[in-house]
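Thank you for making room for me this morning. I would like to walk you through one structure, slowly, and I will put it on the screen before I say anything about it.

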Amino acid sequence: MTSESKAKIAIAGGGLLGRLLAWRLCQYDVNITLFEAGKLSVPQGACWTAAGMISPLSELVHSEKQVYTQGLQSLDLWSDWSRKLELQGGRAVGFRRAGSVLVAHGKDRSELLQFLRELQGKLGESAREQVQVLDTKALRDLEPALHSFEQGLYLRGEADINNHRLLPLLLDVLRLQGVQLRELTRVNCEPWCISFPGGEEHFDCVIDCRGLGAKDQIKGLRGVRGEVMVVESREVVLQRPVRLLHPRYKLYAVPRSDGRTVIGATEIESEDLSPISVRSSMELSSALYSLNPAFAEARIVETRVNCRPATMNNNPYIHNEEGLIRVNGLYRHGYLLAPAVVQQVENQVAQQRLLVF
Ligand SMILES: Cc1cc2nc3c(=O)[nH]c(=O)nc-3n(C[C@H](O)[C@H](O)[C@H](O)COP(=O)(O)OP(=O)(O)OC[C@H]3O[C@@H](n4cnc5c(N)ncnc54)[C@H](O)[C@@H]3O)c2cc1C
């Protein structure tokens, strides 16, 4: 095919889905244009705020089984795709498959039991193979910083990815692969057509990955507020994501390789994007302190707030018609589900007979 006869594909939204999909479609002989409302080097979407946990088991307790199944698929895809991305981009994406640990304070120990029961209810006996009950010694061996806890659960297969490495790396690779990048361009998506203030352009297929930016086109799409703090500590080093189970709030702490830890807990049914509240920051800080009192001296280096794009049933949304695919609603599962969802969309673009190697 000559470059004039190649299929032209537009992707709207340069967040997690948009970047990953653009990268996957680069393997075919197509022209790709990625439109982003903000600056691509300073991601505005939920993808930048996220903690990057890839935790099918932890999420299963509050979600449908589809999230777990697609999460497992994504885990395998991340292993493969992150290696390919690292080769193409020449640096690490920070994908770590070291499992995650759940703990609860003595008086809340029933939370761990309840978690295990719910998993068994959904997965049957296979839950036992995927979850290891840790006694005090096993917990200390695995996570020495959690020495004040007597018991925990180890979710072996879980992983996390450093989104602050992944997203810039994806951008560099897209540049290298010749994707046309149109930032600071807020667009609307219709079949075969991308429109923006002052003009429109036509494509063989438009893929709408605008997250909450697609609210007017997707009935029931809503934002669910989340808040995170980033702390830096020289004294406490966690080896993997840790979740603290508590009857009222559930803290997660995701350590990065640079001594920083991303912590969060909150999920608020609101599209408010104002800064983190005093209450949330106190609750997050005190939960963190209760993991290990040496966190008291950690420095709060950043706070972030954003809204997760969610559908009415909190499941991913893919709409496919001639000339237009809309993909959205990754909710709190963007990193958990993106590869599986992107692969589904890739197949749908192929069905429109636009993709040739
Ligand atoms: C606090 C918090 C913590 C999270 N933690 C996790 C986690 O640990 N694990 C996990 O799996 N998920 C997590 N998530 C969820 C995850 O971040 C989202 O599911 C994911 O980012 C959704 O990806 P997306 O590409 O659909 O949307 P986004 O990442 O929001 O990207 C949408 C992009 O579209 C652009 N855009 C919007 N409108 C337009 C327009 N009109 N024209 C052009 N561009 C437009 C935006 O600027 C943005 O760049 C978290 C989210 C939050 C808020």
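Before we look inside, one term needs fixing, because when I speak of a cavity I mean a set of grid points where a 1.4 Å probe fits but cannot get out, and the residues that line it are those with an atom within 4 Å of such a point. Please also keep in mind that what you see is a predicted model.

Let me begin with the overall division, in which the protein chain is split into domain 1, made of 7-91 + 162-218 + 312-351, and domain 2, made of 100-156 + 222-310. The C-alpha centres of domain 1 and domain 2 are 27 Å apart, and the contact between them draws on 31 residues from domain 1 and 30 residues from domain 2.

Now, where does the largest cavity lie with respect to domain 1 and domain 2? Both domains give residues to its lining, so the largest cavity lies between them. The structure holds 1 cavity of 30 Å³ or more, and the volume of the largest cavity is about 40 Å³. Its lining is formed by Met 53, Ile 54, Ser 55, Gly 99, Ser 100, Glu 158, Ala 159, Pro 241 and Arg 243, a set that divides into 4 nonpolar, 3 polar and 2 charged residues.

Let me turn to a pair of helices. Helix H1, residues 16-25, packs with helix H4, residues 65-89, at an angle of about 75°, their axes being 13 Å apart, and that angle makes H1 roughly perpendicular to H4. On the H1 side the contact is made by Leu 20, Trp 23 and Arg 24, while H4 brings Trp 78, Trp 81, Lys 84, Leu 85 and Gln 88; by class, this gives 5 nonpolar, 1 polar and 2 charged residues.

Finally, consider His 105, which sits in the loop between strand S5 (100-103) and helix H5 (109-123). Leaving aside neighbours within four places in sequence, His 105 is in contact with Phe 149, Leu 244 and Ser 290. From C-alpha to C-alpha, His 105 and Leu 291 are 8.9 Å apart in space, although 186 residues separate them in sequence.

Note on methods:
Residues numbered from 1 in each chain as written. Predicted model: local features only at pLDDT ≥ 70, side-chain atom pairs only at ≥ 80, totals over all residues. Heavy atoms only, no water. 1 Å grid on protein atoms, 1.4 Å probe; cavity = no way out; pocket = protein on both sides within 12 Å on 5 of 7 lines; lining within 4 Å. Points joined across faces, edges and corners; volume = space filled by probe spheres on them. Nonpolar A, V, L, I, M, F, W, Y, C, P; charged D, E, K, R; others polar. Domains from an automatic or database assignment. Axes fitted to C-alpha atoms, helices over the stretch in contact; angles between N-to-C directions. Helix = DSSP H or I, 4+ residues; strand = E, 2+ residues; numbered from the N terminus. Parallel < 35°, antiparallel > 145°, perpendicular 65-115°, else oblique. Contact = heavy atoms within 4.5 Å.
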